[in-house]
Amino acid sequence: MLVWSYDHPLTVSFTYLALSVGVIIGLVIIRQIIVLNENSQFYIEAQEEIAERMQAEMEVIKLNEDLEQRVIQRTSQLEATNRDLQSQIFERLAAEDALKDSERRLGDIIDFLPDATFVINRDGIVIAWNRAIEKMTGVKAADILGRGNYDYALPFHGERRPMLIDLVLNPILI
């Protein structure tokens, strides 16, 4: 437009027109400078954000590795504890079997004794009643086993009362 207005007369003077175009070009250059500065600032911020994210990602990776190590340690501890528990269970089952076998043998011994024999536990409950005492009293073992409250005295005395066997548990009863 400046070139065209130089050869063709306009109502506005060429100087004002040239100054206006110069101002517009100056404003465009200023705008470009501002945009470049903003872009460089955005670039710097983006680089900082990328660096922060990378650092956060590295921290997450490190935390995950630490967590994996803890999981491995805890798992090995749990496995060791589980092995110990299984060993203890096996030992306990073996001990229970041995105890049952011992109790069975003791019960067989007491049951086949030729003498009338009965056994009470610390609570005064009848836990053994052999065949000889069944013949002597007429009371079957199934009827007396597990009973307390001096029920074992009924076949002998006709009433519930302490007997000689009770002196073992409580010497001041009789």
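T117 sits in the loop between helix 2 and strand 1, the strand covering residues 118-120. The model is a predicted one, and this loop makes a handy place to start. T117 has a relative accessibility of 18%, so it counts as buried, the limit being under 20%. Its side chain has a polar atom 3.0 Å from the backbone oxygen of D115. Leaving aside residues up to four places away in sequence, T117 touches I110, A128, W129, N130 and I133.

One of those contacts, N130, deserves a look of its own. T117 and N130 are 13 residues apart along the chain, yet their C-alpha atoms are separated by 5.7 Å. N130 belongs to the loop between strand 2 (126-129) and helix 3 (131-137). With a relative accessible area of just 1%, N130 is buried. What does the side chain of N130 reach at 2.8 Å? The partner is the backbone oxygen of D115. That backbone oxygen also lies 3.0 Å from a polar atom of the T117 side chain, so the side chains of N130 and T117 both have a polar atom within 3.5 Å of the D115 backbone oxygen. The N130 side chain has a further polar partner in the backbone nitrogen of I133, 2.9 Å away. As for general contacts, N130 touches I110, D111, L113, D115, A116 and T117, again not counting residues up to four places away in sequence. I110 and I133 turn up around T117 as well.

Now for the charged pairs. The structure holds 8 salt bridges. One of them joins the side chains of D151 and R160, with N and O 2.5 Å apart. The two ends of this pair are covered to unlike degrees: D151 is buried at 7% relative accessibility, whereas R160, at 43%, is partly exposed.

Helix 2, which spans residues 14-111, carries further bridges. E49 and R53 meet through their side chains at 2.8 Å, N to O. Both residues lie in helix 2, 4 residues apart, or about one turn of the helix. E49 is partly exposed, with a relative accessible area of 39%, while R53 counts as exposed at 56%.

Further along the chain, R104 and D108 form another salt bridge, the closest N and O atoms being 3.5 Å apart. This pair, too, lies in helix 2 with a spacing of 4 residues, about one turn. R104 is partly exposed at 46% relative accessibility, and D108 is partly exposed at 34%. The pair does not stand alone: D101, R104, R105 and D108 are linked in a network of salt bridges.

Helix 2 also offers something nonpolar. Which residues make the nonpolar surface patch of about 370 Å²? They are V23, L27, I30 and I34. L27, one of the four, is placed in helix 2. At 53% relative accessibility, L27 counts as exposed, because the limit for that class is over 50%.

Taken together, the picture has a covered part and an open part. On the covered side are T117, buried at 18%, N130, buried at 1%, and D151, buried at 7%. On the open side are L27, exposed at 53%, and R53, exposed at 56%.

Notes. Residues are numbered from 1 along each chain as its sequence is written. This is a predicted model: local features need pLDDT of at least 70, side-chain atom pairs count only at pLDDT 80 or more; totals for chains, interfaces and linings use all residues. Side-chain values use heavy atoms; hydrogens and water are left out. Patches are made of residues with over 30% relative accessible area and no salt bridge: like charges are joined within 9 Å, nonpolar side chains (Val, Leu, Ile, Met, Phe, Trp, Tyr) within 5 Å. Accessible areas come from the Shrake-Rupley method with a 1.4 Å probe; for residues, only the protein chains shown count as cover. Helices (H or I, at least four residues) and strands (E, at least two) are DSSP runs, numbered from the N terminus. Buried means under 20% relative accessible area, exposed over 50%, partly exposed in between (1.4 Å probe, protein chains only). A polar contact is a pair of N or O atoms within 3.5 Å; within protein, one must be able to donate a hydrogen and the other to accept it, and residues adjacent in sequence count only if both atoms are side-chain atoms. Contact means heavy atoms within 4.5 Å.
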